[in-house]
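User: I am new to this structure and should be grateful for a close look at one part of it, the loops with unusual backbone geometry. Please then connect that part with its surroundings.

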Amino acid sequence: MKKVIMGNHALSYGAMLSRAQVIAAYPITPQTQVVELLSEMCADGTLDAKFVKVESEHSAMAASIGASAAGARAFTATSAQGLALMHEMLHWASGGRHPVVLGNINRALAPGWSIWTDQNDSLSQRDTGWMQYYCSSNQEVLDTVIQAFKVSEALMIPSMVVLDAFVLSHTYEVADIPSQEAVDAYLPPFKPEMRLTPSDPHAFGGLTSPEHYFEFRYKLQKDMEKAPDLIEKTGIEFEKAFGRKLGLVDEYLTDDAELILVTSGTVGLTARVAIDALRKEGIKAGNLRMRVFRPFPFKTVRNILKKAARVAVIDRNVSYGHHGIFYEEVKSALYGKGKGPVVHGFITGLGGRDVTVDFIKDIAAQALAKKKADAEIVWIGVKI
Amino acid sequence: MKKPNKMTMTLPAEELMSSGHLACQGCGAALAMRYALKALGQKTVVCIPACCWSVIDGPYPYSSLDVPVYHCAFETAASTATGVKAGLEMMGDTETTVVAWAGDGGTFDIGIQALSGAAERNDDIIYVCYDNEAYMNTGIQRSSATPYGAWTTTTPVKHFKDRPKKDMVGIMAAHHIPYIATANIAYPEDMFRKMKKAKDIRGTRFFHVYSPCPVGWKSRPEDTIKLGRLAVQTTYFPLYEIEYGEKLTLNVKIKERKPIDEYMRLQGRFRHLQEDQIAAIQAEIDARWQKLLSRAG
């Protein structure tokens with residue numbers, strides 16, 4: 001059924017169709033509509049789930065973990081400060097191997113107070129052991145929640161489905177809402193190997209000596225390494241069932257591109273408008289949109305980028321004292337693999353400043369003009 | 001000829017806690033768990049945040065409890081228990097009792113927000129705070145449950161704790177939850193009865209369990225039960241229940257109260273106190289007792 005929905009409601013529909021059983025959430029702008037709709041769905045029986053209206057994001061994740069440990073499918077959503085408050089529990093979810101799925105609306109961190117988008121909130125959670133998907137349309141948000149549960153539960157690793165504040169969270173788009181039967185056929189019920197039950201008592205997460213801890217973390221990484229193939233495989237299955245492919249990345253005109261713009265989130269769609277314009281001017285530009293950030297799809301990124309002479313990575317984030325986070329990751333994917341493209345890094349759009357077609361054209365022009373990447377950060381649109 | 005005295009077993013013989021636990025000698029927290037599980041039975045899940053019990057239970061891959069245990073983050077005993085209860089119910093298990101089992105630091109301090117949230121929502125959990133009156137697991141640092149006058153490693157003798165213990169039961173009563181009880185490891189039958197009663201009540205139930213710590217209190221392990229008795233007999237730690245934040249019932253009535261000095265002198269943590277300071281503590285306990293008696297009606 002096609003429906004005009006906002007990005008936040010795409011998360012709600014995704015959770016509903018995934019038959020989330022426990023939702024524990026705390027309100028934060030710009031996430032509120034996600035949980036408002038879910039709470040209505042729980043109240044009117046559309047969704048058979050327990051909705052726990054917790055008193056903080058920290059408790060939201062703790063309750064999600066408890067529910068998951070008891071064997072239930074758990075979903076929550078948050079943004080920025082809320083995600084930062086959850087940080088400790090993000091480690092708990094992955095370390096405890098609880099496949100919770102979390103919707104995060106990318107919002108800039110305070111101070112000063114900002115409710116507008118950038119990626120520093122979710123990228124600050126890079127090393128928590130969560131898979132991270134970055135979406136660029138409401139349809140993709142909805143679809144990704146369903147896929148994320150499937151991949152998470154197969155690997156027992158939690159997932160974060162990320163979308164830009166307002167630019168996507170509050171933008172209404174047509175989305176195809178699949179039937180429950182079709183989603184049920186794609187996503188089987190959650191059946192963990194072990195769970196909290198008095199009929200089979202075990203202790204979870206007890207004091208772990210140096211004799212055992214190392215192996216737990218080794219296994220988490222080993223299972224994370226299985227994720228790229230599984231995301232591709234479940235993405236193809238998704239396409240068979242629903243007609244929309246969900247891969248590690250999303251490419252646009254990369255095959256013959258001399259310049260590939262690497263983006264994530266909604267900036268990718270703006271980049272494509274710029275690319276169309278650049279192509280009319282005779283510049284062969286293309287776009288690689290990173291859908292999955294963790295695990296980082298090294299092989300896929302390498303294979304695509306090696307086709308181009310120049311790459312421009314656009315970051316709506318910054319790792320203070322280093323550079324744009326995607327820029328650094330892309331460079332590390334290419335490092336030591338022979339002669340590759342020149343990789344330029346650009347930082348733009350922090351705190352929700354619009355990333356315009358003109359910005360992207362400027363980025364393309366700079367990347368094409370320079371033979372070598374600048375040693376320092378190139379800021380686009382900063383007023384200094 | 002005099003008939004020999006016959007002991008009657010007032011608690012079930014069934015043990016859900018094994019002897020292989022890692023508690024110190026004379027640990028009140030170990031006894032508290034043992035008695036609680038005797039009352040709650042096998043259909044129980046216990047959520048344990050950072051506290052002595054995260055060690056007492058035993059290291060991976062062991063557990064001294066014959067019920068499922070979830071070791072959770074320090075401030076999340078209540079919120080984790082809430083999630084577990086919701087999860088179990090969605091799995092079709094509405095019977096299992098979910099217990100949050102935290103120390104005083106995890107309850108009075110870092111976990112109070114999650115506990116208040118669960119209590120306000122009246123989540124269907126039993127929250128047990130075993131109170132040994134300081135951060136004992138990390139090496140005897142003061143918590144807001146540490147009583148006035150006590151020495152700890154962060155309240156050295158020259159700067160002993162000069163603030164009263166936080167009134168946690170009062171705070172919980174202000175949430176109007178269905179059931180609150182104080183309990184004491186030296187009164188196992190009383191604790192057993194109240195745990196059994198709590199098991200059959202729905203909603204948030206809160207237990208404040210007096211739990212001596214010989215290591216932190218500088219008391220002799222063999223005095224643990226004696227201290228428990230004295231805590232009640234001096235009315236330092238009275239035994240009572242509160243229903244819906246209003247109806248208060250005293251469980252053990254004390255006719256002749258013993259002086260607090262008798263209780264304090266068994267513990268090295270109060271050794272530095274002067275007579276006038278002990279008199280002030282006595283006066284505070286007297287006032288608290290009078291208030292309690294008036295509330296008990």
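Analyst: A:G112 sits in the loop that runs from β5 (101-106) to α5 (120-123) of chain A. The peptide bond that leads into this glycine, from A:P111 to A:G112, is cis, with omega near -15°. The model is a predicted one, and the geometry described here is to be read in that light.

A second cis peptide bond joins A:T29 to A:P30, with omega near 5°. Here the loop is the one between β2 (22-25) and α2 (32-43) of chain A, where A:P30 lies.

Two further loops hold residues with an unusual phi. A:R97 is not a glycine, yet its phi is positive, at about 60°. This arginine belongs to the loop between α4 (80-95) and β5 of chain A. Is A:R97 buried or exposed? A:R97 has 22 C-beta neighbours inside 10 Å, and therefore counts as buried; the cut-off for that class is 20 or more.

In chain B, K218 offers a parallel case: B:K218 is a residue other than glycine with a positive phi, near 55°. Its place is the loop that links α8 (214-217) to α9 (224-233) of chain B. B:K218 counts as partly exposed, because 15 C-beta neighbours lie inside 10 Å.

The loop with A:P30 starts from β2 of chain A, and that strand deserves a closer look. What covers the two faces of β2(A) is a matter of its surroundings: A:V22 and A:A24 on one side are buried, as are A:I23 and A:A25 on the other. In a regular strand, side chains alternate between the two faces of the sheet.

β2(A) has strand partners in chain A. With β3 (residues 50-53) the pairing is parallel and runs over four bridges; in that strand, A:K50 is the bridge partner of A:V22. With β4 (residues 74-79) the pairing is again parallel, over two bridges, and there A:V22 has A:A74 as its bridge partner. A:V22 thus has a bridge partner in β3(A) and another in β4(A). The loop that holds A:P30 leads from β2 to α2 of chain A, and β2(A), α2(A) and β3(A) together form a right-handed β-α-β unit.

The same strands bring the account to chain B. In total, 38 residues of chain A are in contact with 40 residues of chain B. On the chain A side, β2, β3, α3 (57-69), α4 and β9 (203-204) are the elements that give two or more residues. The greatest share comes from α3(A), with ten residues. Sorted by class, this side of chain A has 19 nonpolar, 15 polar and four charged residues.

One of these elements, β9(A), also pairs with a strand of the other chain: β9(A) and β2 (residues 69-71) of chain B run parallel over two bridges. Within this pairing, A:F204 stands opposite B:Y70 in β2(B).

The loop that leads to β9 of chain A comes from α7 (180-186), and A:K191 is found in it. How many C-beta neighbours does A:K191 have inside 10 Å? The number is 8, so A:K191 counts as exposed. A:K191 and A:A72 are 119 residues apart in sequence, while their C-alpha atoms are 8.5 Å apart in space.

How values were computed
Residues are numbered from 1 along each chain as its sequence is written. Chains are lettered from A and ligands numbered from 1 in the order in which they are written. This is a predicted model: local features need pLDDT of at least 70, side-chain atom pairs count only at pLDDT 80 or more; totals for chains, interfaces and linings use all residues. A residue is buried if 20 or more other C-beta atoms lie within 10 Å of its own, exposed if 12 or fewer, and partly exposed in between; C-beta atoms are placed from the backbone. Two strands pair if DSSP finds at least two bridges between them. A crossover is right-handed if, with the strands pointing away from the viewer, the path from the first strand over the helix to the second runs clockwise. Two residues are in contact if their C-beta atoms, placed from the backbone, lie within 7 Å. Ala, Val, Leu, Ile, Met, Phe, Trp, Tyr, Cys and Pro count as nonpolar, Asp, Glu, Lys and Arg as charged, and the others, Gly among them, as polar.
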